[in-house]
Every structure is written in C-alpha cells, then in structure tokens.
Amino acid sequence: MLTKGKVQGGDTIKKNCSLTSVLIVVGLCGFFYVVGLWQRSGFGKGDRIAIGVIKRTECITLSDLMYDTPNNHNDGDHIKEYNYKPCDASFIDHTPCHRRSGESQERHCPAQQEKLKCLIPAPKGYSTPYQWPKNRGGTRFPQELDAYIDELSSVIPFHTGMIRTALDTECRVASFGAYMFKKNVITMSIGGHESQVQYAMERGVPAIIGVLATMKLPFPSGSFDMAHCSHCLIPWDTEDGMYMMEVDRVLRPGGYWILSGPPINWKNNYQEWQRSQLELEKEQRNIEDIAKLLCWEKKYEKGDIAIWRKRLNCSQQDTPPMAAAVCKSTHADHVWYKKMEKCVTPSPGPSRSWKPFPERLNAIPSRVSREYVEVYKEDSRLWKKHVNAYKRVNKIIDSGRYRNIMDMNAGLGSFAAALDSTKLWVMNVVPTISQKASLDVILERGLIGIYHDWCEAFSTYPRTYDLIHANGVFSLYKNVCSAEEMLLEMDRILRPEGAVILRDEENVLRKVQRIVRGMRWKTKMVDHEDGPLEQEKLLFAVKQYWVEGDTNITTT
C-alpha cells in the first residue's frame with residue numbers, strides 16, 4: 001500500500017515524465033562521456049574500463065532507470081566532507097589481519113586505534129592482469145599438472161558433476177585450482193603467505209590467506225566435495241589427528257581427500273626428502289590409522305599419490321574398536337575464531353540427494369527445509385531480475401573483464417547463481433552477524449564462499465578483486481562498525497579501475513557516496529529497477545586508476 005507522501009511524489013513524477021526522461025538520457029550519456037575523457041587523459045591504464053562501458057552501453061536502453069540527483073536529504077551526516085590521503089608506499093602490500101607476529105600466521109587483526117585511515121596505493125607501473133584463461137599459466141610444468149589431474153580422474157568421477165567444490169590446503173600458487181577449472185571444479189585455495197594469494201588471485205583463481213594451525217577453517221561442516229594437499233607440509237599425524245579431523249569436518253559424506261608428497265611413497269623418496277625411513281613409515285602408518293578412525297576408505301595409492309573417500313554412512317564394522325570421540329558442540333558451524341577440536345563432527349545429513357553440477361546450481365538444496373522452499377525459489381527469481389538490471393547499466397559484467405568477483409552479503413548465493421559464467425567466479429561472503437548461516441546452502445549449490453566479519457579486514461592481498469557487490473551490508477552493520485572502515489577495506493581489495501555495485505536504503509547509500517567520493521571513486525546513484533518510489537536504491541562506482549606518488553588525481 002502506498003502512503004500519501006508517495007502518491008504525491010508519484011503525481012509529480014508523472015507530470016514531469018517527458019522532461020525527466022530527457023534529463024535521464026542526457027545526464028547518463030554525459031556521465032560516461034566524462035569518464036571516457038578521464039580515461040583518455042592518461043590517468044587510466046589496464047584495459048580502459050570506462051571506454052569499454054561507453055562502447056558497450058547505448059544510453060537509450062537505460063531510459064527505464066531513474067537517475068537520481070542530490071537533493072537536500074538530511075541523514076544526520078550531510079555536512080561532513082571526506083578526503084582520504086594515500087598511505088605511505090611501504091603499505092603497498094598491506095594485509096592488516098595477517099601481519100606476521102613471531103611464529104603465528106593465523107588471523108590477528110590490529111586494534112581500533114591502529115587501523116589505517118588512508119588509501120593503499122598501487123605500485124608504480126601497475127596494470128590489470130591478463131583476462132582468463134590467458135592468466136591460467138604460472139606453472140613451469142603444465143603438461144605434468146594435466147597428467148596429475150588425469151591420474152586423479154581415473155579414481156575420482158569428475159565427469160559426473162558430483163565433484164564440484166574443492167579445498168586446497170597450503171596451495172602454494174594455486175596451480176591445482178587453476179587447472180581444476182578444466183574439470184569444471186572450483187577450488188578454494190588456502191595460502192600461508194600473502195604473496196601466494198596475490199599470485200593466485202592475479203591468475204584468476206580463488207584464494208585466501210590462511211593456515212591450518214589452531215583455529216577452525218571459516219567454512220561450514222560437510223560442504224566440500226574434495227580436499228587436496230600436495231607437498232603441503234601439514235603434520236597430519238600430530239595433535240591426535242586434529243588436522244585430519246578438521247578436513248573431515250568440512251568434507252561432505254562421499255567426498256574425497258587427496259594426499260600427494262610426503263610421506264606417500266617414502267620408500268623411494270626418503271633420501272630426496274632427507275628424512276629417515278623409520279620416521280616416514282611411522283608417519284604414514286599414523287595417517288592410515290587416523291583415516292580409519294574417521295571412517296575414510298582408501299581408494300588408491302600409486303607413486304606419490306594416495307586417495308581416500310569419506311563413507312556415505314559409517315557403520316560400526318567400518319571403524320576400529322577405538323573410534324574417535326564425537327564432538328558435543330550443538331553449533332557445529334559457529335567456527336569464527338573457534339579452536340579446532342580433537343573430535344569428529346557429525347555430518348549434517350546424507351549428501352546422496354545432492355544433484356550433479358550444473359543442475360545443483362538451481363535445484364532445491366537438501367539443506368533448505370520444506371518451509372523455506374518457496375523463499376528459496378523467490379530469492380532465485382529476484383536475483384535473476386536484479387542481475388539483468390545490473391547488466392543494463394554495466395554491459396561488460398559477464399564479458400570477461402571482471403574475473404574475480406565478491407559478494408559481501410551473499411544470502412543464499414543467488415546473485416552468483418544468476419551471474420554464473422565460465423569467465424568469472426564469485427566469492428560468496430556470509431557475514432558472521434547474519435541471522436541465518438546460509439553458507440552450507442551456497443556450497444551445496446556448487447559455489448564457493450566463506451564466513452567473515454566485515455568489522456575486520458578480509459584475508460586477501462590488496463587489489464585482488466575486479467568487482468565487489470554488496471546488498472544491504474551497510475544497513476546490516478549500521479550499529480556494529482562504521483561504514484568508513486568497511487569502505488576503506490573495500491578500496492584496499494579492489495583493483496584500480498575495478499567496479500562496485502551497492503544495493504541499500506537511500507539514506508545509507510547517500511552517506512556511502514560522500515565517503516567514496518573522497519576515496520577517488522566515480523559514482524552514480526540509480527533508482528531501484530521497480531521505479532523511483534522504492535526506498536532501496538543502487539550505487540554504481542568505479543575506482544580510479546592511480547599509483548604511489550600520484551598527486552594529480554582529484555577527489556571530486
């Protein structure tokens with residue numbers, strides 16, 4: 001039902017419809033023309049994003065979107081102006097929550113008073129990486145890697161579509177994840193060093209900074225189809241099998257665990273590894289025993305490769321008499337900053353009902369309860385509509401220009417599902433303060449994602465995402481942490497000439513718009529696709545190209 005005020009507003013719009021339509025087209029064309037001039041002026045590098053948008057955008061196709069102009073809106077912050085200076089060049093590689101402190105490589109974020117309030121610069125000469133799949137390379141032995149994956153394929157049924165999501169621990173430069181795309185498998189790679197993640201992301205491969213140490217991995221239970229470790233140096237047989245138990249927690253029933261390198265094939269490699277035969281033999285025997293405790297069935301061992309499969313159902317005869325203790329936690333997916341446990345997490349349910357990919361992308365996930373099926377269907381329908389509206393504004397969204405995409409408040413993953421393309425992938429982030437922990441549904445759909453608290457920095461290197469999408473995330477965190485801090489973090493992880501799409505309440509976006517104008521972003525506020533009477537608006541933005549030492553970039 002419309003309120004009286006909205007009806008009056010609608011009458012005004014109707015009376016001025018003709019004039020407004022003209023202003024919309026003129027204003028939009030002018031906006032992209034100015035951006036094009038800016039790109040041609042020499043500031044922009046990479047692949048000239050704004051020129052690409054101009055060439056692919058016919059202004060007349062946008063006449064159904066009402067472009068808003070600033071009015072005297074009073075949201076309590078209309079006087080303050082924002083103007084952020086570049087950080088010192090020493091912060092080019094800044095990863096706030098992964099500053100190495102002693103021997104600890106786990107997350108340890110700075111205190112509030114230590115957080116930077118400046119913009120992380122790009123290094124001189126920075127340019128956008130090659131488009132996928134040209135940037136897949138990065139390994140000196142691509143033929144060997146293809147042969148390695150083909151050997152895995154002889155045991156693991158990639159061709160069926162049932163193995164879609166993988167977790168690669170201690171990924172080095174994520175070559176495994178890069179080449180698994182050929183099998184239509186998307187891999188979440190974990191690198192212990194910032195430079196590993198930088199290299200992986202510049203190749204267009206999903207990766208986060210992290211280690212398997214004392215904290216639980218930021219993923220729900222029973223969600224990955226496969227886990228992989230190649231020469232990863234994780235002491236699997238120590239801590240009473242705790243690290244293998246953590247892999248078991250995130251691995252779905254029927255999922256596979258691949259271990260290649262030490263101690264597998266120790267008889268032939270012990271001299272090269274410079275370790276004693278006795279030590280390596282004991283290590284492999286311990287791993288075999290832990291696998292039995294976890295009800296994993298060994299499917300293959302040849303050369304340096306061993307493969308286990310987590311049983312769909314674990315009967316008493318499948319486990320040794322001294323089975324591992326069962327975890328007592330009633331909230332198995334409350335994993336943010338939670339310590340690993342030396343126990344087995346019960347599976348959330350059988351995964352026999354999971355569909356093969358790509359069918360499972362839009363099928364009803366088994367973890368969506370019956371009363372929420374219609375909610376799920378409506379969410380999928382709505383995001384197809386939203387994404388179509390986005391494409392009318394930015395026609396190069398699925399062109400390959402944006403490879404690494406982040407959704408800061410992913411919900412059920414329907415934005416990523418609507419955007420699905422082999423040219424891109426989406427990091428679906430489920431905020432830890434969300435009312436519903438929906439990441440298990442996202443992973444079941446064959447997408448990847450992670451839990452995260454946006455009051456802290458994300459576990460990635462600077463300049464690693466091409467496009468960031470955020471639906472209602474600033475309203476969600478309104479009374480939790482400041483929009484300014486969140487936007488500075490977005491600027492850190494967004495590439496120069498990267499794009500942003502924000503969807504939120506108008507008063508929230510107006511404040512956001514003022515902040516990012518002081519961060520060297522070009523912005524435009526757009527009405528909701530259902531019309532100007534909707535309180536929800538859209539904010540499109542492009543981060544300007546600039547590098548350390550630049551002083552001639554305006555902030556208006």
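At roughly what angle do the axes of helix 8 and helix 9 cross? In this predicted model, the axes of helix 8 (residues 266-273) and helix 9 come within 9 Å and cross at roughly 125 degrees. That angle makes helix 8 oblique to helix 9. The crossing of the two helices is right-handed. On the side of helix 8, the residues that take part in the meeting are W266, Y270 and W273, and their counterparts in helix 9 are Q277, L280, E281 and Q284. As general background, an α-helix has 3.6 residues a turn, so residues three or four places apart point the same way.

**The seven-stranded sheet**

An open sheet of seven strands, with mixed pairing, follows the order 3-2-1-4-5-7-6. Strand 3 (207-209) and strand 6 (296-302) stand at the edges with a single partner strand each, so one side of each has no neighbour in the sheet. From one strand to the next, the twist averages 20 degrees. Within this sheet, strand 1 (residues 165-168) pairs with strand 4 (residues 224-230) in the parallel sense, over three bridges. L167 has A227 of strand 4 as its bridge partner.

Two helices that pack on the sheet may now be described. Helix 6 (residues 194-202) touches strand 2 (186-191) and strand 3, and its direction makes about 165 degrees with that of strand 3. Helix 9 (residues 277-293) touches strand 5 (251-260), strand 6 and strand 7 (305-310), and its direction makes about 145 degrees with that of strand 6. Helix 9 thus has contacts with the sheet as well as with helix 8.

**Helices 15 and 16 and their surroundings**

Helix 16 (residues 506-517) has twelve residues, which at 1.5 Å a residue should span 16 Å; its end C-alpha atoms are 16 Å apart, in agreement with that value. Its buried residues are E506, V508, L509, R510, V512, Q513, I515 and V516. These buried residues pack against helix 14 (473-476), helix 15 (483-493), strand 12 (494-505), strand 13 (521-527) and strand 14 (536-543).

Helix 15 is mostly covered, with eleven of its eleven residues buried. Among them are the charged-letter entries E484, E485 and R492, together with L487 and I493. Strand 13 is also mostly covered, and five of its seven residues are buried. Strand 13 pairs with strand 14 in the antiparallel sense over seven bridges, and the bridge partner of T523 in strand 14 is A541.

**Individual residues in loops**

S221 lies in the loop between strand 3 and strand 4. Its relative accessibility is 4%, and S221 therefore counts as buried. Apart from neighbours within four places in sequence, S221 is in contact with R249, V250, A332, D333, T345, P348 and R367.

Two cis peptide bonds are listed below.

| Cis peptide bond | Omega |
|---|---|
| W132 and P133 | about 5 degrees |
| F357 and P358 | about 15 degrees |

P133 is placed in the loop between helix 3 (49-56) and helix 4 (142-153), whereas P358 is in the loop between strand 7 and helix 10 (359-362).

Positive phi values also deserve mention. C295, a residue other than glycine, has a positive phi near 65 degrees. C295 is found in the loop between helix 9 and strand 6, and it counts as buried at 4% relative accessibility. R463, likewise not a glycine, has a positive phi near 65 degrees. The loop between strand 10 (448-452) and strand 11 (465-471) holds R463, which counts as buried at 5% relative accessibility.

How values were computed:
Residues numbered from 1 in each chain as written. Predicted model: local features only at pLDDT ≥ 70, side-chain atom pairs only at ≥ 80, totals over all residues. Heavy atoms only, no water. Pairing = 2+ DSSP bridges. Helix = DSSP H or I, 4+ residues; strand = E, 2+ residues; numbered from the N terminus. Axes fitted to C-alpha atoms, helices over the stretch in contact; angles between N-to-C directions. Contact = heavy atoms within 4.5 Å. Expected span 1.5 Å × (residues − 1). Buried < 20%, exposed > 50% of the residue type's maximum accessible area, 1.4 Å probe, protein only. Parallel < 35°, antiparallel > 145°, perpendicular 65-115°, else oblique. Left-handed = near helix turned anticlockwise from the far one by under 90°.
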